[in-house]
Amino acid sequence: MANKPKPRSRQLSVYLYIPNIIGYIRILLNCYAFARCFSSKRLFAVLYFLSFVCDALDGWCARKFNQASTFGAVLDMMYSTFLVGKASHKDVKDSSSWLFKLYYGNRMFMGFCCVACEVLYITLFLIAKNHTENLMDVIVTTLKQGSPLSFLVALSLLGCSIKQVINFIQMKTAADACVLYDTEKKQKP
Amino acid sequence: MANKPKPRSRQLSVYLYIPNIIGYIRILLNCYAFARCFSSKRLFAVLYFLSFVCDALDGWCARKFNQASTFGAVLDMVTDRISTACLLVILSQVYRPSLVFLSLLALDIASHWLQMYSTFLVGKASHKDVKDSSSWLFKLYYGNRMFMGFCCVACEVLYITLFLIAKNHTENLMDVIVTTLKQGSPLSFLVALSLLGCSIKQVINFIQMKTAADACVLYDTEKKQKP
């Protein structure tokens, strides 16, 4: 509502960037998916998957149409691309954890772990028959079946577990980065 | 595991700052509270409240002992978000329609996330511009710490109260709220007041998202102007 004619037209256009429009569509897909998740599990799974496809799509569109934006990155939660610019992040990345290096060095591995989590969660939601399932029972029963589903659950359990380990390591390195930031700030008054 | 003798001792001491130790205690209180929330609602309410007290305490300690740290600020915010999120998840299991509490959860995360990232990525320079929002409500919220405190506390009080007054796991939210308000008891007054504060907080959340998004856009615009 302030009078800023020039920046305002540029501001409007960032909100109308193609990857950001895809971002809005993702949000609507998710809202509708969760609104219908109990009445129609299959619809939920399809919509959630579509939202996942859009996630990959908006990154591709951002590069293809040269419409990458800070707003878009924040909307997408792909903040890591912007944080790499910070000086202390380089020190932090020199973590001796081989797992950490593997995760951040290999995009396929990172992608596998992230997708595995989503697949595990959706699958667990789809195979639940009532609202008081025992998690261990369901997982053990499914794994014992020896079906393609068992293989899917086993593989996604593996990927999801690795992701959780990465999460812990990430928390530690991020905490160290906060501490390092304060230390460096004190050294340059 | 890298060899950094000097910075490492300074790093250890930040993790041992008094306000951060209080932060760890908060986390433990929350973990235990949520582990026991269904078997003992009163214990849960007491522990959750204690954690809230610690939240105020660690800020005071940080100033008194001059031990403010970036890690402490991040720890504080993350603990707040997680404890609110867990409580909202539990409320979504207890009350119908679940979507109400899941939406509150989404709004809480989205607005704080956008605000945090816009502040860190963009820096202080544009935050001042952004604050010149003509929204009177926004100015009131950020200008008056009592008002901000009231709204935040109201949300937590409302959530805890709704959890405590639920008798089973399939309560209809509207029914429970209307019935409680009609009683005309001190509880009705508490619920009414906290509903008011919580609603204002949600409006603030929406405004915060918009201003944070504008800050991101402004950042890109300024970046392009200074190559």
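This passage describes the confidence of a predicted model, the contact between its two chains and the domains of chain A.

The model is predicted, so local features are restricted to pLDDT of at least 70 and side-chain atom pairs to pLDDT 80 or more, while totals for chains, interfaces and linings use all residues. Residues are numbered from 1 along each chain as its sequence is written, chains are lettered from A in the order in which they are written, and side-chain values use heavy atoms, without hydrogens and water.

The pLDDT is the predictor's confidence in each residue, from 0 to 100. Chain A averages a pLDDT of 81, and 83% of its residues score at least 70. Among the elements of chain A, helix H9 (residues 135–144) has the highest mean pLDDT, 92, and helix H6 (residues 87–93) the lowest, 44; helices are DSSP runs (H or I, at least four residues) numbered from the N terminus. In chain A, pLDDT is below 50 over residues 1–6, a stretch with two contacts in the model beyond near neighbours in sequence. The value is also below 50 over residues 84–92 of chain A, where 11 such contacts occur. A contact here means heavy atoms within 4.5 Å. Where pLDDT is low, the predicted coordinates should not be read in detail.

Chain B and chain A each contribute 29 residues to their contact. Together they bury about 2,800 Å², 63% of it on carbon and sulfur atoms; buried area is the accessible area (1.4 Å probe) that two parts lose on being put together, summed over both. Six residue pairs are in polar contact across this interface, both residues at pLDDT 80 or more. A polar contact is a pair of N or O atoms within 3.5 Å; within protein, one must be able to donate a hydrogen and the other to accept it, and residues adjacent in sequence count only if both atoms are side-chain atoms. On the side of chain B that touches chain A, two or more residues come from each of helices H1 (5–15), H4 (70–94), H5 (98–122) and H10 (186–225) of chain B. H10(B) gives the most, with 11 residues.

Within chain A, the domain assignment, automatic or from a database, gives domain 1 (9–80) and domain 2 (90–188). The C-alpha centres of these domains of chain A lie 22 Å apart. Eight residues of domain 1 are in contact with seven residues of domain 2 in chain A. The two domains of chain A bury about 800 Å² between them, 76% of it on carbon and sulfur atoms. In domain 1, A:Lys41, A:Tyr48 and A:Phe52 lose the most area to domain 2 of chain A, together 57% of what that side buries.
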